[in-house]
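Student: I'd like a close look at one part of this protein rather than a tour of the whole thing. Could you pick a stretch and walk me through it, residue by residue where that helps?

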Amino acid sequence: MEKEINRSTYVLQGDDRIGSVKIADDVVAAIAGIAATEVDGVAAMAGNITNELLNKVGVTSLKKGVKVEVSGREVRVDMALIMDYGYNIPATSQKVQERVQNAIENMTGLEVMDVNIRITGVNMQKNR
């Protein structure tokens, strides 16, 4: 049932009578990005130069800084985060891993195998 359609879309559920449910890996990446930024201490997702330039002209991407690999019903996630100054990096990263895993598994039914986090910067501005 959960066969690969192309490189970026996967069948989650198929039924010849009704139809099928497909999900793009961009959607899984967006879910991961939103879940990560909901954790206190995460300032932002880190992206590449192109994403940073797009944000400056008003174009945002929910999957910025997130790479997902979906294989069958298993997902592996790599994320790049910018942390707020003053937060414990290991504890905050663990919360992000748990939040991302729960969000993906609850929303898609896929099984998250890994959530790898890379801290790429620290936000030194004080939040008001």
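Tutor: Let's take the hairpin: S5 and S6 form one, with 2 residues between them, and Gly 72 in the turn has a positive phi of about 65°. Bear in mind that this is a predicted model. The two strands run antiparallel, and 6 bridges join them. One facing pair to find on your screen is Glu 69, which stands opposite Arg 76 in S6.

Now look at S5 by itself, residues 66-71. Its covered face carries Val 66, Val 68 and Val 70, while Lys 67, Glu 69 and Ser 71 sit on the uncovered one. That every-other-residue pattern makes sense because side chains in a regular strand alternate between the two faces of the sheet.

Next, follow S6, which covers residues 74-84, along to Asp 84. This one is worth a pause: Asp 84 is buried, yet has no salt bridge. What is the nearest side chain of opposite charge? It's Lys 95, and that is 12 Å away, whereas a salt bridge would need the side-chain nitrogen within 4 Å of a carboxyl oxygen. What the Asp 84 side chain does have is a polar contact with the side chain of Asn 123, at 3.0 Å.

Lys 95 takes us on to helix H3, where Lys 95 is exposed, along with Pro 90 and Asn 106. H3 spans residues 89-108, 20 residues in total, and reaches 28 Å from its first C-alpha to its last, close to the 28 Å expected at 1.5 Å a residue. Its buried residues are Thr 92, Ser 93, Val 96, Val 100, Ala 103, Ile 104 and Thr 108. Looking down the axis of H3, you'd see these buried residues fall within an arc of 100°, so they line one face of the helix. Pro 90, Lys 95 and Asn 106 are on the other side.

Check both ends of H3 as well. At the N-terminal end, Asn 88 acts as the cap, with a side-chain oxygen 2.8 Å from the backbone nitrogen of Ala 91. After the helix comes Gly 109, whose phi is positive, near 80°.

To put this back in context, the protein has 3 helices and 7 strands. Along the sequence they follow the pattern β-β-β-α-β-α-β-β-α-β. Buried residues make up 34% of its 128 residues, and Asp 84 is one that is buried.

Technical notes:
Residues are numbered from 1 along each chain as its sequence is written. This is a predicted model: local features need pLDDT of at least 70, side-chain atom pairs count only at pLDDT 80 or more; totals for chains, interfaces and linings use all residues. Side-chain values use heavy atoms; hydrogens and water are left out. Helices (H or I, at least four residues) and strands (E, at least two) are DSSP runs, numbered from the N terminus. The expected span of a helix is 1.5 Å times one less than its number of residues. Buried means under 20% relative accessible area, exposed over 50%, partly exposed in between (1.4 Å probe, protein chains only). The arc is that of the directions from the helix axis to the C-beta atoms. A polar contact is a pair of N or O atoms within 3.5 Å; within protein, one must be able to donate a hydrogen and the other to accept it, and residues adjacent in sequence count only if both atoms are side-chain atoms. Lys and Arg count as positive and Asp and Glu as negative; His and the chain ends are not counted. Two strands pair if DSSP finds at least two bridges between them.
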